[in-house]
Amino acid sequence: MDTQLPELTELQRLAAEAGPLASYRVACEVDCGERRFAVPVVAFGTRSPQRPAVGFFGGVHGLERIGAEVVLAYLRSLVTRLAWDELLHRQLETMRLVFMPLVNPGGLWRGTRANPNGVDLMRNAPVDALDPVPFLIGGQRLSASLPWYRGPPGAPMQAEAQALCRVVEEELLARPFSIAVDCHSGFGVRDRIWFPFAHTARPIEHLPEMQALAELFDRSLLHHRYLIEPQSRQYLAHGDLWDHLYRRACEDPARRFLPLTLEMGSWLWVKKNPRQLFSRHGIFNPLIEHRQQRVLRRHVQWLDCVARAACSHERWLPRGAAREARREEGLARWYRTSRAS
């Protein structure tokens with residue numbers, strides 16, 4: 001087992017520091033040339049299937065290291081707080097937190113968006129868009145030599161994608177309420193929080209819950225810079241893993257699963273430091289230390305807000321007539337207005 005990836009070494013160190021308060025397991029192993037990397041999962045909190053859960057995911061695209069680093073930064077904060085934070089211990093008695101920050105270690109090692117097989121994991125699910133998608137970026141099956149490759153038609157999902165789906169199904173979808181947060185970078189100059197769908201512009205079934213959660217963010221994270229929207233407001237795509245998992249979750253009407261994708265606005269980092277354009281890594285990640293620290297501070301606060309929202313979901317989930325009112329608000333906010341910039 002090769003542990004030269006600094007993110008993997010850090011994850012293992014944090015799991016060891018948490019001791020018996022955390023569980024550590026390997027969801028799968030992937031080959032990358034002569035190396036073999038683990039795809040680890042660290043979890044805290046109650047195993048009760050009736051309690052809520054949040055899953056934090058990163059590193060799906062190997063080029064976007066900042067996504068893995070944001071998830072690791074939040075995990076580091078939690079492990080440090082375990083030594084003194086009584087409220088955190090009480091929170092973990094009533095919910096579960098699951099961390100999978102290195103979904104694509106082979107891509108991280110090689111510095112590529114795709115995994116070592118050339119497959120873009122976020123185009124790899126068995127979901128086809130219902131309307132035309134942008135050329136290439138929406139997913140293609142022409143060649144693994146081109147970006148956004150979906151994989152061969154009819155083939156099973158890649159090992160990393162299957163591992164992510166298993167973790168979500170076992171840890172999140174087995175509960176009445178759960179949230180997933182997948183951290184990425186590389187779209188626009190604003191930080192965005194995307195939710196399904198990516199394969200269609202149709203509103204999701206749990207639009208009232210998403211509107212209530214967005215309102216919670218707006219009121220609790222004062223002056224936040226996130227643009228919250230369905231991904232379909234920007235572009236459609238084939239093979240989105242979260243569309244696939246959300247549709248699986250909807251097979252049980254009693255289950256509420258809210259998948260969120262944090263898209264950090266990496267173009268802003270390039271705008272402030274144009275020399276990053278000459279570095280493939282620099283296009284998707286803040287290279288200057290103080291900017292990276294600022295990014296980690298800002299998003300760790302949001303991840304903690306997501307965990308608290310899940311823990312207290314019974315206090316804000318809309319019901320009855322309030323749910324229909326939230327649906328109308330969501331439709332007006334995201335589906336009856338022009339696209340945001």
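## A covered strand

Strand S4 is mostly covered: five of its five residues are buried. This is a predicted model, so read everything below as a description of that prediction. Side chains leave S4 in two directions: Arg96, Val98 and Met100 point one way, while Leu97 and Phe99 point the other way. Both groups are buried. As background, side chains in a regular strand alternate between the two faces of the sheet.

S4 has a partner on either hand. With S2 the pairing is antiparallel and runs over four bridges; here phenylalanine 99 in S4 is the bridge partner of valine 42. With S3 the pairing is parallel, over five bridges, and methionine 100 in S4 is the bridge partner of phenylalanine 57.

## The sheet around it

Step back from S4 and you'll find an open sheet of eight strands with mixed pairing. Reading across, the order is S1-S2-S4-S3-S5-S8-S6-S7. The edges are taken by S1 (22-32) and S7 (226-230), each of which pairs on one side only. On average, neighbouring strands in this sheet are turned by 20 degrees against each other, direction ignored.

Further along the order, S5 (residues 177-185) and S8 (residues 256-264) run parallel and are joined by nine bridges. If you want a spot to look at in that pairing, valine 181 stands opposite leucine 260 in S8.

## Helices across the strands

The chain has 10 helices to go with its eight strands. One of them, helix H5 (residues 159-172), lies across S1, S2 (35-45), S3 (53-58), S4 (96-100), S5 and S8. H5 runs at about 160 degrees to S1.

Helix H7 (residues 241-249) also lies across strands, namely S3, S5 and S8. Its angle to S8 is about 165 degrees.

## Salt bridges

How many salt bridges does the structure hold? The count is 28. One of them brings together the side chains of glutamate 170 and arginine 25, at 3.4 Å from N to O. Glutamate 170 sits in helix H5 and arginine 25 in strand S1, so this pair ties together parts that are 145 residues apart in sequence. Glutamate 170 is partly exposed, at 48% relative accessibility, and arginine 25 is partly exposed too, with a relative accessible area of 34%.

Another pair joins arginine 113 to glutamate 64, at 3.6 Å from N to O. Arginine 113 is in the loop between helix H4 (105-110) and H5, and glutamate 64 is in the loop between S3 and helix H2 (65-81), so the link connects parts 49 residues apart in sequence. Glutamate 64 counts as buried, since its relative accessibility is 4% and the cut-off for buried is under 20%.

## Helix to helix, and a network

Arginine 326 and glutamate 215 form a salt bridge as well, with their closest N and O atoms 3.4 Å apart. Because arginine 326 belongs to helix H10 (residues 321-334) and glutamate 215 to helix H6 (residues 207-220), this contact ties together parts that are 111 residues apart in sequence. The two partners fall on opposite sides of the 20% cut-off for buried: arginine 326 is partly exposed at 21%, whereas glutamate 215 counts as buried at 17%.

Salt bridges can also share partners: Glu10, Arg13, Glu17 and Arg76 are joined that way into one network.

## Inside and outside

Which share of the 341 residues counts as buried? For this chain, 59% do. Contacts reach across the sequence too: among those between residues at least 6 apart, 80% join residues at least 24 apart.

On the outside, the chain exposes about 14600 Å², and carbon and sulfur atoms supply 52% of that. Phe135, Leu142 and Leu146 make a nonpolar surface patch of about 360 Å². Within the patch, leucine 142 is found in the loop between H4 and H5. Leucine 142 is exposed, with a relative accessible area of 62%.

Technical notes
Residues are numbered from 1 along each chain as its sequence is written. This is a predicted model: local features need pLDDT of at least 70, side-chain atom pairs count only at pLDDT 80 or more; totals for chains, interfaces and linings use all residues. Side-chain values use heavy atoms; hydrogens and water are left out. Two strands pair if DSSP finds at least two bridges between them. Axes are lines fitted to C-alpha atoms, for helices over the stretch in contact, and angles run from 0 to 180 degrees between N-to-C directions. Contact means heavy atoms within 4.5 Å. A salt bridge is a side-chain nitrogen of Lys or Arg within 4 Å of a carboxyl oxygen of Asp or Glu. Buried means under 20% relative accessible area, exposed over 50%, partly exposed in between (1.4 Å probe, protein chains only). Accessible areas come from the Shrake-Rupley method with a 1.4 Å probe; for residues, only the protein chains shown count as cover. Patches are made of residues with over 30% relative accessible area and no salt bridge: like charges are joined within 9 Å, nonpolar side chains (Val, Leu, Ile, Met, Phe, Trp, Tyr) within 5 Å.
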